[in-house]
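Visitor: I am new to this structure and would like a close look at a single part of it. Please take one residue as the starting point and work outward from there, slowly enough that I can follow along.

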Amino acid sequence: MTKSSSIFIVAGALIIVGFALSIYGSQLIIENISILEGSLDPTQTMDIQTTLEPEKNEGGRYVVQITDFTDEIVNIRVLDPNEVLIISKSVSQKSFEGEFEITSPGTYKLIIENPGDNDIRIVGAIGYMPNDIVLAVNTSSLIIIVVGLGGIMVGGVYLVRTRRKNRVS
């Protein structure tokens, strides 16, 4: 096996490992997130619930996205397991996310209301904030992929140089 072949094999393996870590990191992020998508008319509310525990992670995150945004306003409320209001906001942008503290174990709720006159398409999600381990997995996967791609470039340069040397000789 030539040196350039070895470089390509190692670089390819790094890229595969990087993609596998990226998929695993994405799975870690979405495994504890509740997502709901639908059309919300002015008479309805969208309730998204998930069970969260402060022992697992003390930070929570919610995301609201209006998929057909044209200046709508939505009202957002986040309630803790005791039905105590944690967050109340009116949002007039296509995508909005916020954070909250998980203080007690139980079911947290994201409630989205449409105070306007028209139906709007909404995607809402609530769950844990990604912790340091998840962020490290995602960052390392990106670094491994970049190193693998750099290895392919180095292998290509090495292959071209050795072929030129062999032709000249």
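Guide: Gln49 is found in strand β2, and since the model is a predicted one, what follows describes a computed picture. With a relative accessible area of 44%, Gln49 is partly exposed. Leaving aside residues up to four places away in sequence, Gln49 touches Ser34, Thr107, Tyr108 and Lys109. Lys109 deserves particular attention in that list, as Gln49 stands opposite Lys109 in β7. A residue far along the chain gives a sense of scale: Gln49 and Leu159 are 110 residues apart along the chain, and their C-alpha atoms are separated by 56 Å.

From the residue we can step to its strand. The strands β2 and β7 run antiparallel and are joined by 8 bridges. In general, strands of a sheet pair through backbone hydrogen bonds, either parallel or antiparallel. Here the sheet is an open one of 4 strands, in the order β2-β7-β4-β5, and its pairing is antiparallel. β2, which covers residues 45–52, stands at one edge and β5 at another, and each has a single partner strand, so one side of each is left without a neighbour in the sheet. From one strand to the next, the twist averages 15 degrees.

Continuing across this sheet from β7, which covers residues 106–113, we come to β4, and these two strands pair in the antiparallel sense over 5 bridges. Lys109, already met as the residue opposite Gln49, is also the bridge partner in β7 of Leu79. On the far side of this step, β4, with residues 74–79, is joined by 6 bridges to β5, with residues 85–91, and the two run antiparallel. Within that pairing, Val78 has Ile87 as its bridge partner in β5.

The connection between these two strands can be followed closely as well. β4 and β5 form a hairpin with 5 residues between them, and Glu83 in the turn has a positive phi of about 65 degrees. Pro81 is found in the loop between β4 and β5, where Pro81 is partly exposed, with a relative accessible area of 23%. Not counting residues up to four places away in sequence, Pro81 touches Ser104, Pro105, Gly106, Thr107 and Tyr108. Thr107 and Tyr108 also appear among the residues that Gln49 touches, which brings us back to the starting point. Pro81 and Pro130, by comparison, are 49 residues apart in sequence, and their C-alpha atoms are 21 Å apart in space.

A further sheet completes the account of the strands. This open sheet of 4 strands has the order β1-β8-β3-β6, with antiparallel pairing. β1 (33–40) and β6 (95–101) stand at its edges, and each has a single partner strand, so one side of each is left without a neighbour in the sheet. The twist in this sheet averages 15 degrees from one strand to the next. Strand β3, made of residues 59–66, runs antiparallel to β6 and is joined to β6 by 7 bridges, and in β6 the bridge partner of Gln65 is Ser95.

Aromatic side chains add to the link between those two strands. The protein has 2 aromatic pairs. In one of them, the ring centres of Tyr62 and Phe96 are 6.2 Å apart and the planes are at 45 degrees, so the pair is tilted. Tyr62 lies in strand β3 and Phe96 in strand β6, so the pair ties together parts that are 34 residues apart in sequence. Tyr62 is buried, with a relative accessible area of 1%, and Phe96, at 18% relative accessibility, counts as buried too.

Finally, the part can be set within the whole. The protein contains 2 helices and 8 strands, which follow the pattern α-β-β-β-β-β-β-β-β-α along the sequence. The C-alpha trace spans about 80 × 40 × 20 Å along its principal axes, and the radius of gyration is 24 Å, whereas a compact globule of 169 residues would have one near 15 Å. Of the 169 residues, 33% count as buried, and the accessible surface comes to about 10,300 Å², of which 57% belongs to carbon and sulfur atoms. Among contacts with a separation of 6 or more, residues 24 or more positions apart account for 79%.

Terms used. Residues are numbered from 1 along each chain as its sequence is written. This is a predicted model: local features need pLDDT of at least 70, side-chain atom pairs count only at pLDDT 80 or more; totals for chains, interfaces and linings use all residues. Side-chain values use heavy atoms; hydrogens and water are left out. Two strands pair if DSSP finds at least two bridges between them. Axes are lines fitted to C-alpha atoms, for helices over the stretch in contact, and angles run from 0 to 180 degrees between N-to-C directions. The radius of gyration is taken over C-alpha atoms; the globule rule is 2.2 Å times the number of residues to the power 0.38. Buried means under 20% relative accessible area, exposed over 50%, partly exposed in between (1.4 Å probe, protein chains only). Contact means heavy atoms within 4.5 Å. Accessible areas come from the Shrake-Rupley method with a 1.4 Å probe; for residues, only the protein chains shown count as cover. Rings of Phe, Tyr and Trp (its six-membered ring) pair if their centres lie within 6.5 Å; planes under 30 degrees apart count as stacked, over 60 as edge-to-face and the rest as tilted.
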